[in-house]
Amino acid sequence: MSGRTLIRDAEVDGSLVDVLLDGGRVAMVGTGRRPSAADQVIDAAGGALLPGLHDHHVHLLAMAARLGGVDLDPCDTPAAADAAITAAAAVASTADASEGGWVRVAGYDEHRHGPLDLERLDRLCGPCAVRVQHRTGLSWLLSTFAQREVGLDDAPPSIVERDRTGGPTGWVHRGDDWLGERIGHRDQSLAAVSRALAAVGITGVTDATAELGAGRLAQLERARGSGELVQHVTLLGVDEPAAGFGSGPRKLLVDEQLGLDPDALAGRIAAVHRTHRSVALHAVTRAENITAVTAILAAGPRPGDRIEHGAIMPFELDAQLAAAGITVIIQPALVGERGDHHLAVVDPDDLALLHRQASFLAAGVRLAAGSDAPVTSVDPWRAIATAVSRRTRSGASVGPAERVDARTALGWYLTDPTDPGGALRRVEPGAPADLCLLDVPLGEMLAAPDAAHVHATWIDGVMVRP
Ligand SMILES: [Zn+2]
């Protein structure tokens with residue numbers, strides 16, 4: 001139940017005020033409200049009260065699945081990755097594994113964990129169905145036992161990688177839909193995902209999964225209906241608006257591997273626009289970004305059109321992005337979490353274009369941020385710190401000219417899901433009571449961003465943390 005909550009002595013827009021929440025809304029921001037006016041009184045003790053943060057690009061079900069498996073991301077050496085896989089396989093072969101005998105391993109990074117082939121994987125896991133997901137989320141390596149379980153011989157040839165002799169290497173590329181059918185979509189609890197988001201002050205997310213499909217939509221609907229998933233959710237990967245969810249632009253993939261055709265893409269964009277909906281184009285590489293921007297301009301831009309990632313965006317496109325009002329949804333955390341890898345593999349000519357921030361803003365390009373979780377951590381505060389430092393895990397610097405101040409980076413999480421890159425939401429009367437309370441003033445948080453300072457989170461006026 002939401003009731004009336006009075007938050008006393010909170011810092012809002014630089015002033016100490018009392019804030020009354022009533023009926024899921026901010027009812028009053030001011031001073032001198034008597035505690036008896038509320039059912040619950042919270043002493044903020046000068047901590048900053050912010051609008052709840054919105055993560056503009058996540059994959060909720062992939063986050064849930066990853067929490068249910070083994071995550072190699074914390075493993076910093078090949079030996080540590082081997083140990084994690086071996087341990088998980090040992091558990092699965094002795095007990096009822098959570099996924100019906102399957103072990104799901106996520107976060108494999110060849111740069112940190114060394115080359116992984118079938119021989120190494122089989123040696124680690126033995127007769128156990130193990131699948132290892134590449135850190136990009138696009139590819140899986142299946143153990144020999146796992147290949148037999150799914151019947152890899154029947155897989156569409158386009159997703160199965162083969163060696164020179166024509167035999168499968170065990171790697172499956174862009175085969176999530178097929179694998180999901182073979183392994184089965186098991187309901188994963190979204191409660192842990194929701195708690196993880198609330199713990200860092202996130203009250204809303206945009207799920208950017210391209211083709212959600214009826215099964216996965218039903219999973220999200222059940223999670224919302226049961227109260228497992230308390231955040232507001234906007235969906236990009238559905239054809240029709242779904243009850244209980246915000247409706248975002250339609251996600252379309254611009255994928256070099258599948259072939260780039262600006263004319264065909266412009267046609268698809270125009271078709272989406274005719275349904276009075278904007279588009280969200282997944283574009284990462286230089287060629288993908290050029291294709292995406294060219295196609296939007298050819299179709300005629302619509303307010304709300306956006307580019308997901310824009311990881312290597314040529315400067316020449318900035319003027320067009322700005323003039324057309326296209327928002328770029330960036331992932332500031334990638335510089336920290338994947339920067340060492342990028343420094344090793346990205347074409348030197350492209351390095352200056354990598355994960356741009358400040359130069360976009362200087363050109364007047366609209367920006368908002370997402371984690372792409374589970375690709376990077378859901379923690380926006382770590383992402384904000386990285387946006388400021390532009391440092392990798394090992395401390396290397398990536399595009400230091402792209403640094404921004406922490407307040408600017410925070411703003412990337414404070415815009416409305418329907419208008420990322422637009423006006424910042426504020427704690428003001430009439431606003432939704434989706435709030436994040438810190439245990440320090442905002443200036444202190446921004447000087448050293450750290451999610452540990454998130455003291456409480458409200459969604460629709462209901463405290464969901466602690
Ligand atoms: Zn994504």
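This passage describes the domains, nonpolar cores and a set of paired strands of a predicted model. Local features were considered at pLDDT of at least 70 and side-chain atom pairs at pLDDT 80 or more, whereas totals for chains, interfaces and linings use all residues. Residues are numbered from 1 along each chain as its sequence is written.

The domain assignment, an automatic or database one, gives domain 1 (69-183) and domain 2 (249-424). Their centres, taken over C-alpha atoms, are separated by 30 Å. Four residues from domain 1 and five residues from domain 2 take part in the contact (C-beta atoms, placed from the backbone, within 7 Å).

The largest nonpolar core (buried Ala, Val, Leu, Ile, Met, Phe, Trp, Tyr and Cys residues joined through C-beta atoms within 7 Å) has 102 residues. A residue is buried if 20 or more other C-beta atoms, placed from the backbone, lie within 10 Å of its own. Val19, Leu49, Leu60, Ile384 and Leu437 have the most contacts inside this core. Helix α15 (residues 380-389) contributes its largest share, six residues (helices are DSSP runs, H or I, of at least four residues, numbered from the N terminus). Apart from this core lies another, of 28 residues, including Val70 and Tyr108.

Strand β22 (residues 454-459) is largely enclosed by the rest of the structure, because five of its six residues are buried (strands are DSSP runs, E, of at least two residues). Strand β21 (residues 435-438) pairs with β22 in the antiparallel sense over four bridges (pairing requires at least two DSSP bridges), and Leu435 stands opposite Trp458. β22 also pairs with strand β23 (residues 462-465), antiparallel over three bridges. These two strands form a hairpin with two residues between them, and Asp460 in the turn has a positive phi of about 50°.

Technical notes. Two residues are in contact if their C-beta atoms, placed from the backbone, lie within 7 Å. A residue is buried if 20 or more other C-beta atoms lie within 10 Å of its own, exposed if 12 or fewer, and partly exposed in between; C-beta atoms are placed from the backbone.
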